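This report is written for a reader who is meeting the structure for the first time. Please view the sequence and the model together before reading on.

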Amino acid sequence: MSAGRFHYKSREELAADIERLGLTREIPLSEEFSVLKTPRTVGDSDVTLKNSLTVHPMEGFDSTPEGAPGELTLRRIRRMASGGAGLIWAEATSVTEDGRTNRGQLWISRNNLDAFKRMAETAHEASDGAPVILQLTHSGRFSKPDNTPRPVIAVHNPVMNEKMSIDPDWPVVTDAYLDALPEIFGQAAGLAKEAGFDGADVKCCHKYLFSELLSAYDRPGRYGGSFENRTRLFLDSIRAAAVHRSRDFVIASRFGPYEHIPYPWGFGADRNDPEKIDWDEPDRLYRLMYENGVRLCDMTLGSPYYNPHVNRPYDLGGYEPPEERLTGVARLLGAAAHMKKTVPGITLIGTGYTWLRQFAPCAAAAQVGAGSVDAAGFGRMAFAYPDFARDILEKGALDPHKVCVTCSKCTAIMRKMHATGCPIRDREVYLPMYRELFPQG
Ligand SMILES: Cc1cc2nc3c(=O)[nH]c(=O)nc-3n(C[C@H](O)[C@H](O)[C@H](O)COP(=O)(O)O)c2cc1C
């Protein structure tokens, strides 16, 4: 039994549980945090992570209806950027109106570029020079541009359709629609550069449009069937974005090599055992990402809509995870180490640390120290404890009273398409919102 919601009182207790589960190789712990202070330069650019701790993209659903960063968006990026992390990966930003997950998702366009300039400026001022990457996305089957489902489906997927109550007769998006997207991603990357960001992320994970296409085995035409077809749109979009690549602007990707969804409905799963990763296609794609200009990757696994326990191990959530939390942590760390070996030239940010609470730096330092990742990324921890990086680097410890308790309340608020944050540690702003949405607690 994992310590779960009672959590570990000491590092020794955590180490004993790791040992009990036979995961000592996958989750080593280190007390030597100074390795996390090392700056990292991305490829041959001038973009340099100030240290080896980063903030993952974390959206708050609080844009203006037109997609510009709102007051809470700026508050969030300022808080996260001022916490001492070496790089800030700004949240999911749609490149089209119909690809927004809701009316509160950022949407970049020429019309609101000044607001994105303010966002980049706010982050840079607060971060004291840490680079800021903007995540560009099309939400595909999760699109709800006017807060009602208007899925842009690349391929019908019974597993996902059932989860999302999508009608099997809902039309599949046309090749002509997809053909137009690389140019749109390219333009959005250009806008991100003009706004002052240090890089653009062509997102391909979590079952959003590009990652859904990776397993579009049954789609006819140019975007389905073969590996070349299924990866075409993602790679074409990377190439279009890479036109803007320069010494001060890198091409990045939030990439999920494995969705933990059975073949043929998910990418990266062993055909006979969905619990296992078949690295053949993910490795091929990751190498092609490099060949086409990607030099920075924030890796992730699973789909937060389908199997959130794979994406972000939690104590409390929509369901009791069907595995030990540490098994999930080990999967995330192991996948990152594999990717780093496959393409050492991509600066790689790993994930899977937040659930470890105040012991997260022990795992982060071990992974960075071993060269398994270049940096450790934190998502929910950055919502709860925006100063996490400064405390690790300067005080050598995280305060157990400030860490994220992985209660999934931030996600619960988000699923109501409401502006979100941490109702536990940032209670002044988000507890009243949570109480209003969940009066029963
Ligand atoms: C409220 C919330 C918002 C998120 N927003 C994004 C996002 O905009 N883009 C993205 O790629 N991942 C997003 N994620 C996933 C996180 O970036 C991260 O992968 C996940 O939380 C696991 O990291 P952690 O264990 O450090 O929290 C979000 C997760 C949560 C809980």
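The text below treats the domains, their interface, one loop residue and the nonpolar cores.

The model is predicted, so local features need pLDDT of at least 70 and side-chain atom pairs count only at pLDDT 80 or more, while totals for chains, interfaces and linings use all residues. Residues are numbered from 1 along each chain as its sequence is written, and side-chain values use heavy atoms, with hydrogens and water left out.

**Domains and interface**

An automatic or database domain assignment sets the domain bounds. The protein is divided into domain 1 (30-394) and domain 2 (408-441), and the C-alpha centres of domain 1 and domain 2 lie 23 Å apart. Domain 1 brings 21 residues to the contact and domain 2 brings 16 residues, where contact means heavy atoms within 4.5 Å. About 1400 Å² is buried between domain 1 and domain 2, with 58% of that area given by carbon and sulfur atoms; buried area is the accessible area (1.4 Å probe) that two parts lose on being put together, summed over both.

Two salt bridges are counted between domain 1 and domain 2, each term requiring a side-chain nitrogen of Lys or Arg within 4 Å of a carboxyl oxygen of Asp or Glu. The side chains of D426 and R79 form a salt bridge at 3.4 Å, N to O. On the side of domain 1 that touches domain 2, α2 (71-81) and α13 (380-384) each supply at least two residues. The largest share of that side, four residues, comes from α2. Helices are DSSP runs (H or I, at least four residues), numbered from the N terminus.

**Residue R425**

R425 is placed in the loop between α15 (409-415) and α16 (427-437). R425 counts as partly exposed because its relative accessibility is 28%; buried means under 20%, exposed over 50%, and partly exposed in between (1.4 Å probe, protein chains only). Leaving out residues up to four places away in sequence, R425 touches A384, P400, H401, K402, V403 and V405. The table gives distances from R425.

| Partner and atoms | Distance |
|---|---|
| H401, backbone oxygen to a polar atom of the R425 side chain | 2.7 Å |
| K402, backbone oxygen to a polar atom of the R425 side chain | 3.4 Å |
| V403, C-alpha to R425 C-alpha | 8.2 Å |

**Nonpolar cores**

A nonpolar core is a set of buried Ala, Val, Leu, Ile, Met, Phe, Trp, Tyr and Cys residues joined through side-chain atoms within 4.5 Å. The largest has 110 residues, and F197, F255 and F388 have the most contacts inside it. Helix α11 (residues 325-342) gives the most to this core, with eight residues. A second, separate core of eleven residues includes V42, L87, A252 and I349.

Definitions and conventions:
A polar contact is a pair of N or O atoms within 3.5 Å; within protein, one must be able to donate a hydrogen and the other to accept it, and residues adjacent in sequence count only if both atoms are side-chain atoms.
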